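Here are my notes for your bench copy. Please read them with the structure open beside you.

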Amino acid sequence: MNIKIDNLFVKLGNKPIIKGLNLSINSGELVGIIGPNGSGKSTLLRTIYRVLKPETGVIYFDGINIQDKSYKETARQLSVVSQHNNFSFDFSVGSVVVMGRAPHKRLMEQNNSDDYRLVREALTRVGLSGFEKRRFNTLSGGEQQRVILARALVQNTETLILDEPTNHLDIKYQLQLMSMVKNIGCTTIAAIHDLNIAVMYCDKIVVIKAGQLMGVGTPDELITPELIWDIYGVNATIYRTKDNEMYILFTKTI
Amino acid sequence: MNDNSKKIFIIFMLLIVLMIEMFLSLMIGSVDLSLHDIWRTIVNGLISDKAVNMPGQGPLHDIIWILRMPRILLAGIAGAGLAVCGVVMQAIIKNPLADPYIMGISSGASLGATVAILLGVGSGIFSNFVGVAAFLGAVGISVLVLLLANIGGNVHAVKLLLIGMALNMVCSAMSSFVVYFAQDKEGIQSITFWLMGSFAGADWLTLPVVGGISLVGILFFIMHNRVLDMMLFGDETAVTLGMDLHYYRQSYVLLSALMVGFIVYSAGMLGFVGLLVPHVARIIVGTEHRYLLPMAGLLGAILLVLADVVSRSLIEHSEIPVGIIISLIGAPCFVYMIVRKAYFTGGNQ
């Protein structure tokens, strides 16, 4: 799915967070959004997945303004893995994942055996086969994120948004989750804190600072020590491995 | 047998238990009847061309059809309705401590009853004027909560809860005000009794209304089980899964206010069922609403029918308010279940 963001302004309360942002995302790309804390990464993503409403500006999915679509329609085009998944009631893994079928169901339509087959397949794809009956709240953080990824898979959308999905995960799970996402192969937009993870997996990097676009490009052409200094105010050196992969090393600042 | 058919089996068994329990409870009371008498009287009542609610068709008929059956049915309906509304309220405000009375319904109803009993409002118009006033208080407060919550945009769970609690306090204060200035000892006593709840007032006139509203409401919520599941995931997740919960939340509050309002009208205030039965049901079938709702409804019905039997047979020629019985039997059982089953509703354990 192509996503086009046209002159977007978003406020949280009275505070402007996104200030006139334009961005195009092409079908099939894995796009990483980077930027310092409070730069508006999450706000941008939350506006794309419609939890927040833009002040002005328009977001288009395949050329159609999302405000003209129902939530159900956009939920069939776009799934979300975010960092907040604390439930005050305990669900089984199976019932968490099967909720991904909700946008494909009429209000009173019940889940059928096909839906449960999709749930089993999705859990297998994220490496959690046989987890249906486990209690979600008893899983580790990495497992919980993979359950939510499985829910996004059964939602069967062209586009996936990852809203800082690897926070709280240790390095193994971070790499595992990103590899899975890369393998799924749908258009993906991910807010990522760790620059090395971003350059390792993303086709395109979008840099945001203070609610405005600072740059768009492939990791190779975009990420430089100067840019890192500009957005984070830290010194960094960029190394290359034998396979010409980037590696960013930060220098102590204090 | 897989997990889901096991749950369906348990629900089906409980339905049978409830029916047997209702039948047996016709036997017990100040006059003990034999199964044979009961069976014959029920069949006679069904095939007779006289309406069953006409008295004077023999003592057996009067005891079974006029005295016992309506209150047993009412107990079942009230138990099912309150337990289901408890589940729904816990989903709406995403909090395991919610009960059907939380959105100001309890103090709205109490205020209505207080005004009716102490000031005699409506006493000439309706036979059950206390019930009518309580119904109006309960539903009125819920509507007011919704109207206030709609001012200034999104109606979210915490806002509903806080407004409900604030209105609760206003109503309690107003009740206290009326009680304080009425200086009416007898009136205060009858308010206290009324608030303990009783099925003694059940009759064939109101039963179809209360039963109809409750059953339709319960079926409606069972059909909407996915929305209720979604409420526990929260508004943001719901939007990303294609659902805007604001509208559902409000219509559910309104419907459960109507259900609870009618139950309050015919049986007074019955605490406990709506708060604890949902948890017992969750221990047995888990959080998914499509099993939880029928389970909670059946358990609520079974519990209240039992409590009613106990309340009218424990002390001879006297009746203990059913609210007291429910809490006395129910609460210790509940604590036992929580301790033994290591139950948590979830969250950070």
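1. Start with the loop between β9 (204-209) and β10 (212-217) of chain A, where A:Ala210 sits. This is a predicted model, so please read each point below as a statement about a prediction. The phi of A:Ala210 is near 50°, a positive value in a residue other than glycine. Most residues other than glycine have a negative phi. How exposed is A:Ala210? A:Ala210 is partly exposed, and its relative accessible area is 42%.

2. Next, look at A:Asn7. This residue has a positive phi too, about 50°, and is not a glycine. Its setting is strand β1 (residues 3-12) of chain A. A:Asn7 is partly exposed, with a relative accessible area of 40%. Partly exposed covers values from 20% up to 50%.

3. Now the enclosed space. How many cavities of 30 Å³ or more does the structure hold? There are 2. The largest cavity has about 80 Å³ of space. The second largest cavity has about 40 Å³.

4. Which residues line the largest cavity? From chain A come A:Ser95, A:Val98, A:Met99, A:Glu109, A:Gln110 and A:Asn111. From chain B come B:Asn225, B:Arg226, B:Asp229, B:Glu288 and B:Arg290. Both chains therefore have residues with an atom within 4 Å of a point of this cavity.

5. Two elements each supply at least two residues of the lining of the largest cavity: α3 (93-98) of chain A and α9 (225-233) of chain B. Which element gives the most? The answer is α9(B), with 3 residues.

6. Check the chemistry of the lining of the largest cavity. By class, this lining has 5 charged, 4 polar and 2 nonpolar residues. The charged residues include A:Glu109, B:Arg226 and B:Asp229. Among the nonpolar ones is A:Met99.

7. The second largest cavity is also lined from both chains. Chain A provides A:Ile48, A:Tyr49, A:Arg50, A:Thr74, A:Ala75 and A:Leu78. Chain B provides B:Val239 and B:Thr240. Two or more residues of this lining come from α2 (71-77) of chain A, and likewise from α10 (235-240) of chain B.

8. What is the class make-up of the lining of the second largest cavity? The residues divide into 5 nonpolar, 2 polar and 1 charged. A:Arg50 is the charged residue in this lining.

Notes
Residues numbered from 1 in each chain as written. Chains lettered and ligands numbered in written order. Predicted model: local features only at pLDDT ≥ 70, side-chain atom pairs only at ≥ 80, totals over all residues. Heavy atoms only, no water. 1 Å grid on protein atoms, 1.4 Å probe; cavity = no way out; pocket = protein on both sides within 12 Å on 5 of 7 lines; lining within 4 Å. Points joined across faces, edges and corners; volume = space filled by probe spheres on them. Helix = DSSP H or I, 4+ residues; strand = E, 2+ residues; numbered from the N terminus. Buried < 20%, exposed > 50% of the residue type's maximum accessible area, 1.4 Å probe, protein only.
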